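Thank you all for coming. Please take a moment to look at the sequence and the structure before I begin.

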Amino acid sequence: MTSTSDARAAGTETSVHDVAVVGAGPSGLAMAIALARSGLSTVLIAPDVTAEDDRTTALLDSSVEMLKSLDLWERILPHAAPLAHMRIIDGTERLFRAPETVFDASELKLEAFGYNIRNRDLNRILGEAASGTGGLTRIHARFEGLEAGADCTRLDLETGEHVCVRLVVGADGRNSPVRDAVGIDTKTWRYPQAALIVNLDHDLPHRFHSTEFHTPTGPFTLVPLSGRGSSLVCVERPEVAQELAAMDDDTLALELERRARSVYGKMRIDGARQVYPLGGLTATRMGARRAALVGEAAHVFPPIGAQGLNLGLRDVAALVEIVVSARDRGEDIGSNEVLGRYERQRRADITSRTTAVDLLNRSLLTDMLPVQALRSIGLYLASRVAPLRRMLMREGIAPVLARPRLMRGLTLGR
């Protein structure tokens with residue numbers, strides 16, 4: 001087993017590990033920590049990243065349970081705001097409009113559906129935890145290619161170092177070099193939308209409500225931050241999103257307050273604003289040639305319903321469980337059989353989440369009256385029928401049948 005280090009490789013040195021995780025976003029960091037704590041010699045490969053990330057992430061209850069299982073949640077909680085209530089307001093002004101619908105976590109006997117945290121805080125805490133994890137070596141370098149063999153894979157790094165492992169985990173984002181290196185194809189699509197993302201301060205308390213306005217151009221969603229602040233995702237036509245982003249702070253704050261119907265009073269801009277074109281991606285396979293994909297290397301869709309990172313963390317929890325079980329049975333952890341188990345376990349969850357987010361988004365954009373009516377009827381029934389509402393809430397957090405051990409408060413390893 002390799003002790004923790006912040007090794008900067010030089011020359012053509014070769015190191016040997018059980019697993020290499022490529023990518024140091026939240027999914028990659030969680031993956032590396034979980035594998036190393038399960039007794040697998042793990043190397044985390046990613047260049048230094050110095051940019052501050054003003055975006056936020058809503059960690060749903062199943063992801064919180066996983067972070068508790070890894071003894072990380074106590075460090076994260078002081079920086080996070082609970083999402084105790086989720087309010088949906090139909091702002092389409094169309095013929096068929098749904099009633100205001102409120103989902104309350106207390107109906108599921110939960111304190112909160114999840115917690116919202118700034119990405120810079122989440123990344124910092126996970127990075128510090130990785131540095132303190134035994135069995136985990138960090139190499140600050142860029143992955144440049146790999147050569148898969150019968151028993152192991154050799155990774156080539158920009159420093160000239162080679163790393164030999166039995167399993168590679170691609171946690172390197174939507175443009176994943178690992179995915180390309182092992183020849184996994186993707187299906188991609190675009191929406192006629194862009195998301196303006198910005199954090200806000202406001203005069204009135206949010207009372208831990210996440211408020212989502214459904215508009216003809218997409219969701220306008222305010223998610224609580226600590227204090228009297230919220231993170232905003234405003235989905236608009238690309239040209240309108242750019243116009244909003246170009247406004248000065250006071251003008252933009254006034255326009256966002258108007259769109260929010262002043263539910264939180266006067267607003268002020270807190271930090272930088274960012275605009276992202278919206279689209280989706282799914283990998284045709286979750287693994288090949290001793291490599292498995294997690295997070296945005298495997299699936300990307302719009303920032304709707306807080307599904308993105310939470311789906312990626314379910315990838316992490318499932319893959320860790322499968323790999324640790326294979327190790328304990330004396331199997332080759334990078335074999336096609338192990339990768340096939342991972343594919344079978346994750347495909348239904350990914351397909352159902354991708355389809356649900358896509359349908360919800362397109363239902364807001366369409367002018368077809370039957371589709372508008374179905375969306376309105378669905379929200380009406382959710383607001384009136386308690387068993388249906390509770391089922392939707394449970395499945396929104398995570399599918400019951402797709403919760404690995406780490407997301408059920410259980411630990412792994414020897």
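How many aromatic pairs does the count come to? Please keep in mind that what you see is a predicted model, and that, by the rule applied to the rings, the count comes to two aromatic pairs.

One of the two is formed by Trp-73 and Tyr-115, whose rings meet edge-to-face, with 5.1 Å from centre to centre and 65° between the planes. Since Trp-73 belongs to helix α3, which covers residues 73-76, and Tyr-115 belongs to strand β9, the pair ties together parts that are 42 residues apart in sequence. If you ask whether these two residues are buried or exposed, both Trp-73 and Tyr-115 turn out to be buried. Phe-213 and Phe-220 form an aromatic pair that is also edge-to-face, at 6.0 Å centre to centre and with 70° between the planes, and both Phe-213 and Phe-220 are buried as well.

Let me step back to the whole protein for a moment. Its secondary structure comes to 11 helices and 23 strands, and of its 414 residues, 57% are buried. When we take the contacts with a separation of 6 or more, 75% of them are between residues 24 or more positions apart. The accessible surface comes to about 17500 Å², and 52% of that surface belongs to carbon and sulfur atoms.

Now I return to strand β9, where we met Tyr-115. This strand is part of an open sheet of three strands, in which the order is β5-β9-β6 and the pairing is antiparallel. Which strands stand at the edges? They are β5, residues 56-60, and β6, residues 80-83, and because each has a single partner strand, one side of each is left without a neighbour in the sheet. From one strand to the next, the twist averages 25°. If we look at the pairing in detail, β6 and β9, the latter made of residues 114-118, are joined in the antiparallel sense over four bridges, and Ala-80 has Ile-117 in β9 as its bridge partner. Helix α2, which spans residues 61-69, lies across β5 and β9 and runs at about 85° to β5.

The next strand I would like you to find is β7, residues 85-90, which is mostly covered, given that five of its six residues are buried. Strand β7 pairs with strand β8, residues 101-104, in the antiparallel sense over four bridges, and there Met-86 stands opposite Phe-103. Strand β7 also runs parallel to strand β16, residues 209-215, to which six bridges join it, and here Ile-88 stands opposite Glu-212. As a general point for reading such strands, in a regular strand the side chains alternate between the two faces of the sheet.

I will finish with a single residue, Asp-358, which lies in helix α9, a helix that runs over residues 336-365. Why does Asp-358 count as buried? Its relative accessible area is 16%, and the cut-off for buried is under 20%. Leaving aside residues up to four places away in sequence, Asp-358 touches Trp-189 and Tyr-191. With Tyr-191 there is also a polar contact of 2.5 Å, which joins the side chains of the two residues.

Definitions and conventions
Residues are numbered from 1 along each chain as its sequence is written. This is a predicted model: local features need pLDDT of at least 70, side-chain atom pairs count only at pLDDT 80 or more; totals for chains, interfaces and linings use all residues. Side-chain values use heavy atoms; hydrogens and water are left out. Helices (H or I, at least four residues) and strands (E, at least two) are DSSP runs, numbered from the N terminus. Buried means under 20% relative accessible area, exposed over 50%, partly exposed in between (1.4 Å probe, protein chains only). Contact means heavy atoms within 4.5 Å. Accessible areas come from the Shrake-Rupley method with a 1.4 Å probe; for residues, only the protein chains shown count as cover. A polar contact is a pair of N or O atoms within 3.5 Å; within protein, one must be able to donate a hydrogen and the other to accept it, and residues adjacent in sequence count only if both atoms are side-chain atoms. Two strands pair if DSSP finds at least two bridges between them. Axes are lines fitted to C-alpha atoms, for helices over the stretch in contact, and angles run from 0 to 180 degrees between N-to-C directions. Rings of Phe, Tyr and Trp (its six-membered ring) pair if their centres lie within 6.5 Å; planes under 30 degrees apart count as stacked, over 60 as edge-to-face and the rest as tilted.
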